[in-house]
Amino acid sequence: MEKVLTKNVRPDLSYVDLKAYEASGGYQGLRKALTMAPAEIIDEVKKSNLRGRGGGGFPTGVKWSLVPMGGDALQPKYLAANADEMEPGTFKDRLLMEGDPHQLVEGMAVAAYAIEASVAYVFLRGEYQLSEERLRRAIAEAYEQHYLGKNVLGSNFSVEMFVHMSGGRYMCGEETGLLNALEGKRANPRTKPPYPAVSGLFGKPTIVQNVETLCNVPYIVTNGADWFRSLSLTQDGGTKIYGASGKVKRPGLWELPMGTTIREILEEHAGGMRDGVKFRGLLPGGASTDFLVEEHLDVKMDFTEVQKVGSRLGTGTMIVLDDQTCPVGMVLNLEHFFAQESCGWCTPCWSGLSWAEKALDAIENGQGQSADLDHLSFICKICAPGNTFCALAPGAVEPLQSALKYFRDDFDRHIGEKRCPWKA
Amino acid sequence: MTKIFVDGRPFDVPENQSMLQACLTLGFDLPYFCWHPALGSVGACRQCAVKQYRDEKDSRGRIVMSCMTPVAEGVRISIRDAESVSFRAAVIEGLMQSHPHDCPVCDEGGECHLQDMTVMTGHAYRRYRFSKRTFRNQNLGPLVNHEMNRCIQCYRCVRYYREYAGGHDLKEFVLRNLVYFGRQNDGVLENEFAGNLVEICPTGVFTDKTLKQHYTRKWDLQLAPSVCVHCGIGCNTSPGERYGTLRRIVNRYNGEVNGYFLCDRGRFGYEFVNSPERLRQPRLQKGGQGETADGPVALVHARKLLDGGKVIGIGSPRASLEANFALRTLVGQERFFAGVEDEEHRLTARMLEILRSGLARSPSLGEIEKADAVLVLGEDVTQTAPRMALSLRQSVRQQPFELVDKLQIPRWLDHAAREAVQDAKGPFFVAAPHPTKLDDVAAATYRASPDDLARLGFAVAHAIDSSAPDVPQLTDGVRALAGRIAEALKNAKRPLVVSGPSLKCEALIQAAANVAWALCRAGKPAALSFTAPECNTLGLGLMAARPLGEAQQALKSGEADTIVILENDLYRRAPREQVDALLASARHLIVLDYLETSTTHKAEVVFPSAPFAECEGTFISNEGRAQRAFQVYVPEGGIRAAWQWLRDLLIASGANGAAAWQGVDDVLKTLAGSLPAFSAVPQAAPSAAFRMAGEKVAREPHRYSGRTAMHANINVSEPKPPDDPESPLSFSMEGVSEQPPPALIPFFWSPGWNSIQSVNKFQQEIAGPLRGGDPGVRVIEPAKPTEPDGPAGPDGNARADFLGAPPAVFEPQPDRVLLVPIYHVFGSDETSQRAPAIRELTPKPYVALDSEAARRFGLNDGDLAEVAVNGAVERLPVKVRDGMAAGVAGLPVGLPGIENCRLPAWARITRP
Amino acid sequence: MLSSEEREEIEREFAHYPTKEAVCIDAMKIVQRRRGWISDESLQDIAGLLGMSVDEVDGVASFYNLIFRKPVGRHVIMICDSVSCWIMGYEKLRTQLTSRLGIKMGETTPDGRFTLLPIVCLGACDHAPVMMIDNETHRDLDPEKIDAVLEKYT
Ligand SMILES: Cc1cc2nc3c(=O)[nH]c(=O)nc-3n(C[C@H](O)[C@H](O)[C@H](O)COP(=O)(O)O)c2cc1C
Ligand code: SF4
Ligand code: FES
């Protein structure tokens with residue numbers, strides 16, 4: 001199968017410089033884009049069925065078309081690459097930034113051109129210091145060759161690009177939390193509407209897009225929407241970087257056609273379960289997705305199909321639960337994370353998740369009561385989408401609600417035996 | 001109007017508001033926390049959830065936050081829907097997770113929004129069985145108490161403090177369920193409006209620290225509608241009493257005046273009423289020794305002193321209309337003197353003339369808030385008319401709102417609106433001799449001497465209307481600034497000019513009037529607001545008293561030999577030697593006051609008068625609004641309202657008319673009849689005869705407790721409540737069961753709404769006027785030049801011609817500085833200064849120098865300097881304050897020790 | 001007092017944003033890179049430079065987990081406690097570390113050499129369990145490897 005996003009990524013992950021990137025066709029997308037009208041690019045991206053790779057899966061072209069264009073629009077407009085990647089179990093954007101940073105720079109330049117943004121930020125996770133180093137290097141190289149800066153490649157289009165290192169919080173990845181963080185504030189989310197495309201960073205029209213999403217953009221421009229859709233096995237266009245972690249034989253990342261089945265990823269690419277452990281379930285796309293189990297292995301990993309079986313594609317990097325690992329402990333670990341990362345803005349989230357963590361902790365440590373289980377279900381209901389201010393809490397309760405469904409016996413055993421059966 | 005459906009029933013509601021606001025206006029009990037009518041919606045607490053349906057057929061619906069949902073034609077919601085009911089209960093359960101459930105020992109108990117909402121949602125049983133988070137509390141100074149464990153993370157405090165009041169030292173820290181609202185370190189809250197946190201906080205995190213010293217539950221307080229006496233703005237308050245002492249003050253909503261908020265001077269200044277320095281019995285001076293006497297004895301004695309008939313009266317801007325008028329009646333119009341510095345007296349007369357005969361209207365605070373371009377000329381508003389500063393701070397949002405509207409963001413969607421405009425502010429200009437607290441919202445500031453400030457004002461007027469006097473010798477910079485200000489004011493829809501008498505500069509006042517009139521002549525509805533130093537400055541001003549300076553003359557010439565001083569410490573009005581001389585040349589001195597002052601010390605007879613809260617009285621605010629303050633409780637001892645003492649003196653001297661004065665209604669009737677300027681004043685509040693269904697308005701809440709026990713140490717049988725024939729209120733819990741007229745609301749309460757948020761139930765529309773109209777009656781209106789024979793100013797003619805001429809350029813002197821007055825919200829006001837909590841925040845006297853001037857005089861911050869001014873020498877520590885106008889230095893006004901320095905004045909400053 | 005280097009570096013960031021406040025987080029990171037943490041004094045200096053109050057800056061600082069408001073050791077060990085690492089043996093690793101160093105999570109060794117902190121998913125889940133010491137990520141760890149890793153840091 002054709003590798004698109006990872007074709008330049010070297011096995012030793014060494015730096016792919018501008019020359020090497022150009023040699024593989026790099027910056028052709030930008031060159032071509034500059035010959036097109038912004039609206040044409042947006043149209044092509046719409047037709048490509050590119051959907052956001054940051055977890056939400058929103059159609060990218062549609063989002064861009066919300067940006068006010070032309071002389072009346074508020075200036076400057078902004079583009080932000082969401083490189084915060086803090087969702088537990090997710091490690092794909094890091095590969096793209098370390099392995100082929102110019103690809104992101106080009107993707108951002110094209111996207112900025114398409115929405116007529118003149119300032120672009122890479123909002124980068126604070127711990128990703130190798131990514132930082134490489135992106136800064138790539139940006140400097142790109143400036144030198146006039147891919148960035150004033151009058152890009154002699155055109156009328158100018159764009160400045162900066163790297164912003166995060167202070168560290170999961171909420172910074174939420175697109176409006178990210179805007180507040182970029183403004184030097186606490187990363188609380190913002191009211192929507194207005195959508196950032198209309199009133200975003202510093203009050204100006206802003207597009208926030210995941211790293212992987214942006215990396216796809218130059219290829220869509222170069223090769224067209226039809227080609228892009230043809231890469232996929234399903235409706236959603238393109239390839240997808242899938243990943244697996246947990247007790248599988250070969251944890252890792254693979255660029256595969258969108259819509260590859262879970263089974264293929266798990267068994268062929270990840271090599272199946274490690275010896276001595278059995279598969280029990282998985283979170284298909286990071287910590288904030290619902291568990292899937294054995295019966296779902298033949299589900300195609302795309303936005304539509306995974307949703308049909310009650311979970312979400314999310315980031316496409318799955319976390320595998322095996323039979324030697326306590327599901328209650330795993331959910332406790334997850335809810336600890338979410339409770340800790342709740343920004344503290346809305347009540348269902350900050351109060352519900354901390355309560356959930358405490359209840360799970362009690363159950364895992366032999367102090368659980370059956371009322372705790374009812375209350376956990378109740379919290380899942382309270383934190384449903386729409387009830388909270390942003391998507392953190394609804395995401396947070398996805399693994400919890402599905403664990404209560406698929407691993408109910410394990411919870412009951414903990415409470416009945418007043419201990420964790422997995423602990424010696 | 002828009003039609004919405006609530007639980008299937010159609011309602012017409014005003015547009016441009018949130019569903020929550022609409023539902024509350026309709027009278028539904030919908031719980032909320034993070035929303036506040038003055039702060040708008042941010043959707044944090046999720047307490048206001050309702051079901052919204054797509055259309056008639058949709059029966060599933062989805063949960064939405066009513067505070068985040070705009071009303072729109074045909075929108076259908078349900079409050080009663082079971083899922084939203086249970087969601088709301090769950091939210092309360094979540095909020096209460098770490099709450100200590102300490103209502104019995106919490107100051108907020110009984111007036112707690114959290115309690116009310118908990119009851120409203122039906123959350124009664126605690127399922128949470130894990131450990132609670134706990135916090136350390138901070139010492140935030142003498143005004144506001146901090147108890148963080150009660151916090152429910154609604155973010156109202158920081159939103160109010162930072163976004164509304166412009167404070168920077170209160171912030172939220174950390175995240176998740178551990179958000180901490182406080183300061184980075186313990187310390188006094190810096191904002192002058194911090195006290196509103198007490199009412200903004202829906203639970204007991206921020207409470208009134210002064211109340212804590214003498215705590216009483218809300219339902220045990222006896223309250224009355226009152227008016228703040230600590231500056232000229234006239235904010236409406238509800239003071240509460242128990243056991244004969246005043247316990248606290250809370251805001252009394254008036255949509256046109258103070259809205260939801262007070263300043264800290266107004267909220268916490270009340271404790272002077274409880275001061276040990278209060279005068280409680282008449283006192284006669286005999287052989288150099290003061291001796292208390294009964295009222296009748298003192299009256300007889302005083303009457304003898306008055307017998308000669310050569311009496312002058314000195315009125316007071318802090319005394320009520322009734323008291324001033326009674327004194328004026330006692331001594332006669334010709335012998336009635338204004339108890340203020342002559343210059344202030346003159347300026348007050350000027351301001352009144354400008355407001356009554358000119359083109360521009362004096363705006364209410366509500367209107368000030370809506371101004372979209374503002375020039376502040378020579379006033380440090382935060383210090384001289386604090387509550388107005390809070391309104392001005394909101395006015396800078398008006399112009400940026402246009403962008404918000406364009407983006408189709410509802411203005412009440414608070415954070416979205418703020419994020420859209422970021423730091424953009426409407427045109428707001430401050431011209432003052434030194435930095436002011438409003439500079440942070442100013443598009444430009446101008447620092448200059450009073451004369452140069454006036455020159456700027458004249459230049460602005462000239463730039464708007466070239467027939468206004470031109471200003472010679474203007475620098476390019478100032479001309480450009482004037483042009484910029486003129487442009488901004490001209491382009492505005494509701495321009496406003498603010499000035500006042502603080503700098504004792506008539507040219508400033510004229511310049512301000514000229515700017516406003518120039519705008520009016522150009523067809524703009526410009527507003528002109530003057531600050532007034534005291535609560536009844538304008539009331540006294542309208543009585544046309546003689547200047548104080550002439551009193552000396554009157555005594556010298558033999559026109560008079562006896563002085564009656566009404567609630568006035570002359571030593572704060574004029575230099576000590578002058579007052580000494582004046583008092584020394586009087587044979588007899590009678591003083592009425594409630595606090596011991598340097599003036600009462602000299603009196604032959606002292607009558608203990610009643611301060612606000614202990615008597616009824618009417619005051620005229622800087623807006624020109626006459627407002628009634630009612631008596632809260634009957635004081636112990638020989639205290640009576642000043643007008644009552646004066647009436648009795650009148651009767652004793654044989655004035656028959658006065659005998660008919662039973663209550664303030666009678667005094668005001670005479671006043672209105674004899675001075676046309678006051679003709680509307682009696683309408684400020686219903687008369688004593690007012691009844692609803694035959695009943696009076698109760699000053700005590702239904703649940704006032706312990707009435708049979710509270711005096712048991714004196715007498716086991718419950719005393720009969722005092723009668724109150726003088727007002728439509730009763731000293732009792734029995735009274736009207738419906739909402740009284742707005743001017744008579746002693747406290748806000750409604751079943752299920754025990755907190756101050758119950759004001760919702762008293763408003764015609766949430767955040768709008770009270771039902772029946774906001775209290776008070778305007779007695780000052782501009783002339784109407786458009787009506788050919790309409791009423792105009794006192795002289796009958798509308799003034800459209802410009803006033804005065806620009807002063808000469810200010811010349812800084814190498815060896816001297818022009819000392820200008822610096823006002824302090826805590827300290828410059830006479831009465832609040834004597835409240836312990838305010839005293840703690842009052843600065844010590846100092847002289848403020850720019851660092852350049854300090855260098856020139858060889859002084860550093862903190863050094864003692866000798867300040868030679870007005871023929872006296874003061875030794876004061878230097879405060880280096882950068883940004884003072886060149887050639888200008890500052891001296892605080894009214895602080896103990898330097899209260900009688902007459903400023904501005906040239907001064908020499910030297911190292912001792 | 002901020003060093004002139006620190007100030008210059010912060011001021012260079014001003015060019016990247018339309019407001020000074022936006023530089024707040026960058027500024028703290030710039031100072032922290034040199035001093036290890038943000039003291040009250042640094043907080044004040046940064047606030048002064050950005051025209052913010054200390055309360056405002058600390059409100060931001062206390063939100064983010066990579067801003068340290070307490071002194072740290074010469075090396076900061078951040079051990080990933082998120083789900084993949086947890087599955088792959090985080091707890092054993094933590095036990096090993098705390099007992100080797102003689103400190104609890106969140107503490108600093110008495111010799112000031114190490115501070116031990118938990119961190120969320122480091123994006124290296126295919127090599128779990130992992131930890132980061134200063135700028136370096138250590139992958140595929142097990143308790144036996146710990147000593148060798150720690151040795152590199154003095
Ligand atoms: C709590 C939370 C954390 C998120 N973290 C990230 C993230 O780290 N990276 C990311 O690309 N998107 C993240 N998202 C999704 C973003 O909100 C947003 O949808 C995304 O950046 C849009 O880009 P895309 O359409 O290209 O995916 C997060 C969402 C939530 C609610
Ligand atoms: S769901 Fe609410 S508290 Fe949780 S992160 Fe989002 S806004 Fe913050
Ligand atoms: S009042 Fe609506 S969310 Fe708080």
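**Close-up 1. Ala743(B) is a buried loop residue in this predicted model.** Its relative accessibility is 10%. Buried means under 20%, so Ala743(B) qualifies. The residue sits in the loop between β29 (729-730) and β30 (777-778) of chain B. Beyond its neighbours within four places in sequence, Ala743(B) contacts Pro225(B), Arg252(B) and Phe630(B). Ala684(B), Ala685(B), Pro686(B) and Pro775(B) are also in contact with Ala743(B). His214(B) lies 529 residues from Ala743(B) in sequence, and the two C-alpha atoms are 28 Å apart.

**Close-up 2. Helices α16(B) and α17(B) cross obliquely.** Helix α16 spans residues 450-464 of chain B, and helix α17 spans residues 476-491. Their axes come within 8 Å and cross at roughly 55°. The helices are therefore oblique to each other. The crossing is right-handed. From α16(B), Leu456(B), Ala459(B), Val460(B), Ala463(B) and Ile464(B) take part in the contact. They meet residues of α17(B), including Val478(B), Leu481(B), Gly483(B), Ile485(B), Leu489(B) and Lys490(B). By class, the contact has 11 nonpolar, 1 polar and 1 charged residues.

**Close-up 3. The buried residues of helix α3(A) line one face.** Helix α3 covers residues 38-47 of chain A. Pro38(A), Ile41(A), Ile42(A) and Val45(A) are its buried residues. Seen down the axis of α3(A), they fall within an arc of 100°, so they line one face of the helix. An α-helix has 3.6 residues a turn, so residues three or four places apart point the same way. The buried residues of α3(A) pack against α2 (28-35), α4 (60-64), α6 (101-115) and α9 (211-230) of chain A. Just after α3(A), Asn49(A) adopts a positive phi of about 60°.

Technical notes
Residues numbered from 1 in each chain as written. Chains lettered and ligands numbered in written order. Predicted model: local features only at pLDDT ≥ 70, side-chain atom pairs only at ≥ 80, totals over all residues. Heavy atoms only, no water. Buried < 20%, exposed > 50% of the residue type's maximum accessible area, 1.4 Å probe, protein only. Helix = DSSP H or I, 4+ residues; strand = E, 2+ residues; numbered from the N terminus. Arc of directions from axis to C-beta. Contact = heavy atoms within 4.5 Å. Axes fitted to C-alpha atoms, helices over the stretch in contact; angles between N-to-C directions. Parallel < 35°, antiparallel > 145°, perpendicular 65-115°, else oblique. Left-handed = near helix turned anticlockwise from the far one by under 90°. Nonpolar A, V, L, I, M, F, W, Y, C, P; charged D, E, K, R; others polar.
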